[in-house]
Amino acid sequence: MASIRILESMFQMESITHGWMPVSRYQEVVDDFVKSYDEDDDVTRYIVLVNCGASEDIAGVLDLAKRQNVCVIIFDS
């Protein structure tokens, strides 16, 4: 997927720590988020969703009202 290759290149050039997780269901997004999110961490976390997110209320699914240090960016047609 071209968009992932572009993001990967940008992150590497800027030395941004990142990871990728291919998903096929929203439950996989939630499961991965819960595994990697630390309630006590004050660092702002960014989640980039490529080709998913347009049909669901991501803020509700990830309960972002309780997580002020999380920013979700959605790229979807």
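Student: Buried means under 20% relative accessible area, and exposed means over 50%. So on that scale, are Phe33 and Tyr37 buried or exposed?

Tutor: Both Phe33 and Tyr37 are buried. Keep in mind that this is a predicted model.

Student: Okay, helix α2 next. Which of its residues are buried?

Tutor: Helix α2 spans residues 26–36, and Val29, Val30 and Phe33 are buried in it.

Student: Why are those three on the same side of α2?

Tutor: They cover an arc of only 95° around the axis, so they sit on the same side of α2. The general rule helps here: an α-helix has 3.6 residues a turn, so residues three or four places apart point the same way.

Student: And what covers the buried residues of α2?

Tutor: The cover includes two strands, β1 (45–50) and β2 (70–75), along with helix α3 (58–61).

Student: Switching to rings. How many aromatic pairs does the structure hold?

Tutor: Two. One is Phe11 with Trp20: the ring centres are 5.9 Å apart and the planes stand at 20°, so this pair is stacked.

Student: Why does 20° make it stacked?

Tutor: Because planes under 30 degrees apart count as stacked. The angle for Phe11 and Trp20 is 20°.

Student: Phe11 and Trp20: buried, exposed or partly exposed?

Tutor: Phe11 counts as buried, at 17% relative accessibility. Trp20 is partly exposed, with a relative accessible area of 35%.

Student: What about the pair of Phe33 and Tyr37?

Tutor: Phe33 and Tyr37 are stacked too, with 5.2 Å from centre to centre and 20° between the planes. Phe33 is also one of the buried residues of α2.

Student: Cysteines now. How many disulfides are there?

Tutor: Zero.

Student: Why no bond for Cys52?

Tutor: The closest cysteine sulfur to that of Cys52 is in Cys71, 15 Å away, which is too far for a bond. The cut-off for a disulfide is 2.5 Å between the sulfur atoms.

Student: Are Cys52 and Cys71 buried or partly exposed?

Tutor: Cys52 counts as buried at 16% relative accessibility. Cys71 counts as partly exposed at 30%.

Student: Any pockets to look at? How much space lies in the largest pocket?

Tutor: About 1,000 Å³. The largest pocket is lined by 29 residues, and those closest to its centre are Gly19, Asp32, Tyr46, Ile47 and Val48.

Student: Which elements give two or more residues to that lining?

Tutor: Helix α1 (2–13), helix α2 and strand β1 do. Strand β1 gives the most, with six residues.

Student: On to loops. Where is Asn69 found?

Tutor: Asn69 is in the loop between α3 and β2. Asn69 counts as buried, at 12% relative accessibility.

Student: Leaving aside neighbours within four places in sequence, which residues is Asn69 in contact with?

Tutor: With that exclusion, Asn69 is in contact with Tyr37, Asp41, Asp42, Val43, Thr44 and Arg45. Tyr37 is the buried partner of Phe33 in the stacked pair.

Student: Val43 is on that list. Where is Val43 found?

Tutor: In the loop between α2 and β1. Val43 counts as partly exposed, at 45% relative accessibility.

Student: Last one. What separates the C-alpha atoms of Val43 and Ile73?

Tutor: A distance of 17 Å. Val43 and Ile73 are 30 residues apart along the chain.

Definitions and conventions:
Residues are numbered from 1 along each chain as its sequence is written. This is a predicted model: local features need pLDDT of at least 70, side-chain atom pairs count only at pLDDT 80 or more; totals for chains, interfaces and linings use all residues. Side-chain values use heavy atoms; hydrogens and water are left out. Buried means under 20% relative accessible area, exposed over 50%, partly exposed in between (1.4 Å probe, protein chains only). Helices (H or I, at least four residues) and strands (E, at least two) are DSSP runs, numbered from the N terminus. The arc is that of the directions from the helix axis to the C-beta atoms. Contact means heavy atoms within 4.5 Å. Rings of Phe, Tyr and Trp (its six-membered ring) pair if their centres lie within 6.5 Å; planes under 30 degrees apart count as stacked, over 60 as edge-to-face and the rest as tilted. On a 1 Å grid over the protein atoms alone, a cavity is a set of points where a 1.4 Å probe fits but cannot get out, and a pocket is an open set with protein on both sides within 12 Å along at least five of seven lines; lining residues have an atom within 4 Å of a point. Grid points are joined across faces, edges and corners, and a volume is the space filled by probe spheres set on the points.
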